[in-house]
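Please open the structure in your viewer and keep the sequence beside it. The tour below moves from one selection to the next and says what can be found at each stop.

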Amino acid sequence: MMMSVDTDLFRVLADPLRLQIVTLLAKETLCATHLVEETGAKQTNLSNHLKVLREAGVVETEPCGRFVYYRVRPEVIEAIAGQFADLARTARATAEANLKRACP
C-alpha cells in the first residue's frame with residue numbers, strides 16, 4: 001500500500017533554521033526581532049524563511065502595531081505527525097508480515 005505524504009511540507013521543514021523557527025514558535029508567539037535574537041540569523045535570511053513557512057501554511061501572522069507576530073498552526077504539525085504515525089504503522093505491518101519483493 002503506497003502512502004500519500006506531503007513531501008513539499010517535509011521539504012519546508014527539512015531546513016534546520018526553519019525547523020528551529022517552528023520549534024521556537026511552538027512554544028511562544030514571537031515577532032521577527034525575537035526570532036533574530038533567538039536564532040542568530042540575519043534579518044533578511046530570517047524573513048525569507050518566514051515567508052516560506054507562511055506560504056506553506058505552517059505559520060500564520062498577527063499584526064500588532066508596527067510589528068508582525070508569528071505563530072505555528074498546530075493543525076499542520078498534527079497532520080505531519082499523523083502522516084509519520086501512518087508510515088510507522090505501515091512499516092510495522094510490513095515487518096511483521098515479512099513482506100519483501102523478490103529480486104528479478
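Begin by selecting Thr-39 together with its surroundings: leaving aside residues up to four places away in sequence, Thr-39 touches Leu-17, Gln-20, Ile-21, Leu-24 and Leu-46. Keep in mind throughout that this is a predicted model.

Stay with Thr-39, which lies in helix 3, and ask whether this residue is buried or exposed. Its relative accessible area is 18%, and because buried means under 20%, Thr-39 counts as buried.

Next, show the polar atoms around Thr-39. The side chain of Thr-39 reaches back to the backbone oxygen of Leu-35, at 2.7 Å, while a polar atom of the same Thr-39 side chain lies 3.1 Å from the backbone nitrogen of Ala-41.

Now widen the selection to two elements, helix 3 (residues 32–39) and helix 4 (residues 43–55), whose axes are 10 Å apart and which pack at an angle of about 115 degrees. Helix 3 and helix 4 are therefore roughly perpendicular to each other, and helix 3 passes helix 4 in a right-handed crossing.

Finally, colour the residues where these helices meet: from helix 3 select Ala-32, Leu-35, Val-36 and Thr-39, and from helix 4 select Gln-43, Leu-46 and Leu-50. The residues of this contact comprise five nonpolar and two polar ones, with no charged residue among them. Thr-39, where the tour began, is thus found again on the helix 3 side of this contact, and Leu-46, listed earlier among the residues that Thr-39 touches, is found on the helix 4 side.

Key. Residues are numbered from 1 along each chain as its sequence is written. This is a predicted model: local features need pLDDT of at least 70, side-chain atom pairs count only at pLDDT 80 or more; totals for chains, interfaces and linings use all residues. Side-chain values use heavy atoms; hydrogens and water are left out. Axes are lines fitted to C-alpha atoms, for helices over the stretch in contact, and angles run from 0 to 180 degrees between N-to-C directions. Helices (H or I, at least four residues) and strands (E, at least two) are DSSP runs, numbered from the N terminus. Angles under 35 degrees count as roughly parallel, over 145 as roughly antiparallel, 65 to 115 as roughly perpendicular and the rest as oblique. A crossing is left-handed if the near helix is turned anticlockwise from the far one by less than a right angle, and right-handed if clockwise. Contact means heavy atoms within 4.5 Å. Ala, Val, Leu, Ile, Met, Phe, Trp, Tyr, Cys and Pro count as nonpolar, Asp, Glu, Lys and Arg as charged, and the others, Gly among them, as polar. Buried means under 20% relative accessible area, exposed over 50%, partly exposed in between (1.4 Å probe, protein chains only). A polar contact is a pair of N or O atoms within 3.5 Å; within protein, one must be able to donate a hydrogen and the other to accept it, and residues adjacent in sequence count only if both atoms are side-chain atoms.
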